[in-house]
Amino acid sequence: MFINSLNKCDWIRRKFETPGMMNFTPEQKRLILARLIRSTRFEAFLAKKWSSEKRFGVEGCEMLIPAMKTLIDTSSSLGVDSFVIGIPHRGRLNVLANVCRKPLEDIFCQFDSRLEPADEGSGDVKYHLGMSHSRINHVNNKRVNLAVCANPSHLEAVDPVVQGKTKAEQFYRGDTDGKKVMSILVHGDASFCGQGVVYETFHLSDLPSYSTHGTVHIVVNNQIGFTTDPRMARSSPYCTDVARVTNSLILHVNADDPEAVTRVAQVAAEWRSEFSKDVVIDLVCYRRSGHNEMDEPMFTQPLMYKRIRQQPTALDQYSKKLITEGVVTEEEHKNEIAKYDKICDDAYELAKKQTVTFNRAWIDSPWHGFFENKDPMHLPNTGVESSILEHIGHVISEPPEGMVIHPGLKRTLKERREFCEQRVANWALGELFAYGSLLKEGYHVRLSGQDVERGTFSHRHAVLHDQDVDKKVYVPMNNLFPSQAPFTVCNSSLSEYGVMGFELGYSLTNPNSLILWEAQFGDFNNTAQCVVDQFISSGQQKWVRQSGIVLLLPHGYEGMGPEHSSARVERFLQMSNDDENHVPVFGDQFMMQQLHETNWIVANCTTPANFFHILRRQILLPFRKPLVVFTPKSLLRHPDAKSPFEDMLPGSEFRRFLPETGVATQNTESVKKLILCSGKVYYDLVKERNAIGLDSDIAISRVEQLTPFPYDLIKEDLERYPNAMIQWVQEEHKNMGAWGYVQPRINHLISIALPDRRHNKISYAGRQASASTAAGHKAMHTIEISLFMKKALSVN
């Protein structure tokens, strides 16, 4: 046995080798049979009523359902009352019906293409949907909550999401040992060993800020992946070998042996309770149909499927065994089948009477009471009192007593103190002011990612380390106010896909928390592109599931090469749901209406105050939207990238658009060019413009919030400079950055709202189109800047 603990190995031996451990009473055997009947007959009913529909049934592994129910029975008897479940499409409908007890008529309605949802969202296919349901466990009469997370076709993508959601529920309930809340993950054999996010998620299992104190994994081992033979799909002897890296218990069991499966499920629950470690159940089974019910498996696995078609079902085998043993009679067996068939028939009749469906009926993370008594068009002011900023600034700039602080860090703390005395905030102070003020108001803040405690660019220093004593640390943000909410800042493993998914799941549990994931460099988010595409950008439309997660993506061209420059602004803007050919109607609630309708918010802030406000706005909004912020690198210490305290006080707010405030505003009709830009390039443009004396000829304005697009404020700026040429300037290449998003929107805005404008098209200045995001040579980088600056600051 590979587990390197004698205590654990002896425990396992006792559970299986003690005489009588595999004996079941007649009542227990009848319960296994009843559950197996429900699992089998549910699939048969769907096959009969919708023979040409894909449903990704569990035929060949019908014991998955009794296994999961046994796992829940045993775990709830041991104290667990909340289960967060992740499962791919195979078997999902059966789990919803027979494990979670989702009303069958609701499931059957999903097969009726004539029914239209009566609420928001475009929905998803039925075998991707989630749910949350509370019910009585009839084995022990304990109430349990079951949440099945919605999952796309990316089979294992939901794994870290489930773990994050579980961790969050444990945190908010004070379940520090995971005795009340647990996660169950169901996998396929090919995806379990083939998809890297499984490995990333396993490596979170023992990390203090990510551990859920043990997950039960169930592998539906069909011994095939779509059409791929295991001999071509993995290099390890078992599909479950990935779990060996964390010393997880792995239990292989024949899925056609119901009593062995039941015993394994009991032991898995007990192991998790005893050791707070992951456990894997390898349900060695088969897939009776092809990849889906319409697929022909004989094309690629003819010999396997000749055997499968001769194989009696697990129900046939087990019912004969129990009849032979005298545990049940043939008549009792038939009656149990007829009883469940009638339940399905009755539900089918109810489903036929339905005239609409509701996407909200499939929410996996309902926020009870959050939306009640809230005006969706009202946003409280995001400013805070000066005394609060001063207090936070004092605490985070004072080294704690009794700690030996690094000399370089002493200088950083001194600089913070001096800024606070001057009533000015740099980027780090603006960020920490936002967190600290939210903590004071009772909102939990969690910041996670690679190197976030210090910050990739050594600017945050949220955790102070004693230079002489190992593990002696001080977190100033947890020592601000007597009754503040907790602040969690945690360096993650070197994972993007797994950790971003984890934080997304964390954000789903409680809307009254600010959950942030920061990339080490912005472009590293592309390793987690699946989470961005399938969950964050589209989650509300598909699953009516809101999330307030914040992605902090360092972005900016400083000559650091292709992999440390661009956070791929263009990709996020391309996934925004607004129409470039539609200018919304301007009104008093324009800003809030835009925020309410967008799928997410994308911003490129250039001032600490704006960063402060957008973080606070994220929590004070009466609804939740994901927020993507392209954060700076060189601006962290830029002498001009500072904000006075006045810009963060009551009455101040996030500014979606920052117009020119300099000399050009004194005679706007004579201004020859209006430059619109976003991000760090603004400071470069202003410096160069002023150096060559064009500050009265060229106005430079900043788009701080890219999505939703601030049409109203840009229109005002265009009207302010009626004779000016309009140019978009960016440091990114032409086929990247915001240009492809901004150009059609501004041109359409002019054609609709300002048709008589002299200059009615926006031009471009920036790097030329490129396959690579940035030049690798500093000299080339400098030449590119010189060329687009020359074009941008030309008034001809």
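Strands β6 and β8 run parallel and are joined by 6 bridges. One of the pairings puts V219 opposite D282 in β8. Keep in mind that this is a predicted model. Both strands belong to an open, mixed sheet of 7 strands, and the notes below work outwards from there to the helices, the cysteines and a few single residues.

**β6 and its neighbours**

- On its other side, β6 pairs with β5, again in the parallel sense and over 6 bridges.
- Within that pairing, V186 has I218 of β6 as its bridge partner.
- β6 (215-221) is largely enclosed by the rest of the structure, because 7 of its 7 residues are buried.
- Side chains in a regular strand alternate between the two faces of the sheet.
- Here, both faces of β6 are covered. T215, H217, V219 and N221 sit on one side, V216, I218 and V220 sit on the other, and all of them are buried.

**The whole sheet**

- If you walk across the sheet, the strand order is β3-β4-β1-β5-β6-β8-β7.
- The edges are β3 (131-137) and β7 (249-254), each of which pairs on one side only.
- From one strand to the next, the twist averages 20°.
- Helix α3 (residues 64-77) packs on the sheet and touches β1 (82-86), β3, β4 (142-148), β5 (181-188), β6 and β8. The direction of α3 makes about 165° with that of β5.
- Helix α6 (residues 158-173) packs on the sheet too, touching β1, β4, β5 and β6. For α6, the angle with the direction of β5 is about 175°.
- Out at the β7 edge, 6 bridges link β7 to β8 (residues 279-284), and the two strands run parallel. I250 stands opposite V280 in β8 there.

**A closer look at α3**

- How many of the 14 residues of α3 are buried? The count is 13, so the helix is largely enclosed by the rest of the structure.
- The length of α3 checks out: at 1.5 Å a residue its 14 residues should span 20 Å, and the end C-alpha atoms are indeed 20 Å apart.
- After α3 comes G79, with a positive phi near 115°.

**Cysteines**

- Looking for disulfides? A search of the whole structure finds 0.
- C193 is in no disulfide, and the nearest cysteine sulfur, that of C239, is 5.9 Å away. With 26% relative accessibility, C193 counts as partly exposed.
- C490 is in no disulfide either, and its nearest cysteine sulfur belongs to C149, 19 Å away. C490 counts as buried, at 2% relative accessibility.

**Helices α15 and α16**

- Helix α15 (residues 407-421) and helix α16 (residues 427-440) pack at about 75°, with 11 Å between their axes.
- That angle makes α15 and α16 roughly perpendicular to each other.
- At the meeting point, α15 brings R416, F419 and C420, while α16 brings L429, L432 and F433.
- L432, in helix α16, counts as buried at 3% relative accessibility.
- Leaving out neighbours within four places in sequence, L432 is in contact with I392, I396, R416, R460 and M477.
- One of those contacts bridges quite a stretch of chain: L432 and I396 are 36 residues apart in sequence and 8.5 Å apart in space, C-alpha to C-alpha.

**Two more residues to click on**

- Where is V475? You'll find V475 in the loop between β13 (473-474) and β14 (487-491).
- V475 counts as buried at 19% relative accessibility, given that the cut-off for buried is under 20%.
- Not counting residues up to four places away in sequence, V475 touches A462, V463 and F487. V463 is 12 residues from V475 in sequence and 4.8 Å from it in space, C-alpha to C-alpha.
- N610 sits in helix α22 (residues 608-620). At 2% relative accessibility, N610 counts as buried.
- The contacts of N610, not counting residues up to four places away in sequence, are C605, E653, F654, R655, L658 and E704.

Definitions and conventions. Residues are numbered from 1 along each chain as its sequence is written. This is a predicted model: local features need pLDDT of at least 70, side-chain atom pairs count only at pLDDT 80 or more; totals for chains, interfaces and linings use all residues. Side-chain values use heavy atoms; hydrogens and water are left out. Two strands pair if DSSP finds at least two bridges between them. Helices (H or I, at least four residues) and strands (E, at least two) are DSSP runs, numbered from the N terminus. Axes are lines fitted to C-alpha atoms, for helices over the stretch in contact, and angles run from 0 to 180 degrees between N-to-C directions. Contact means heavy atoms within 4.5 Å. A disulfide is a pair of cysteine sulfur atoms within 2.5 Å. Buried means under 20% relative accessible area, exposed over 50%, partly exposed in between (1.4 Å probe, protein chains only). The expected span of a helix is 1.5 Å times one less than its number of residues. Angles under 35 degrees count as roughly parallel, over 145 as roughly antiparallel, 65 to 115 as roughly perpendicular and the rest as oblique.
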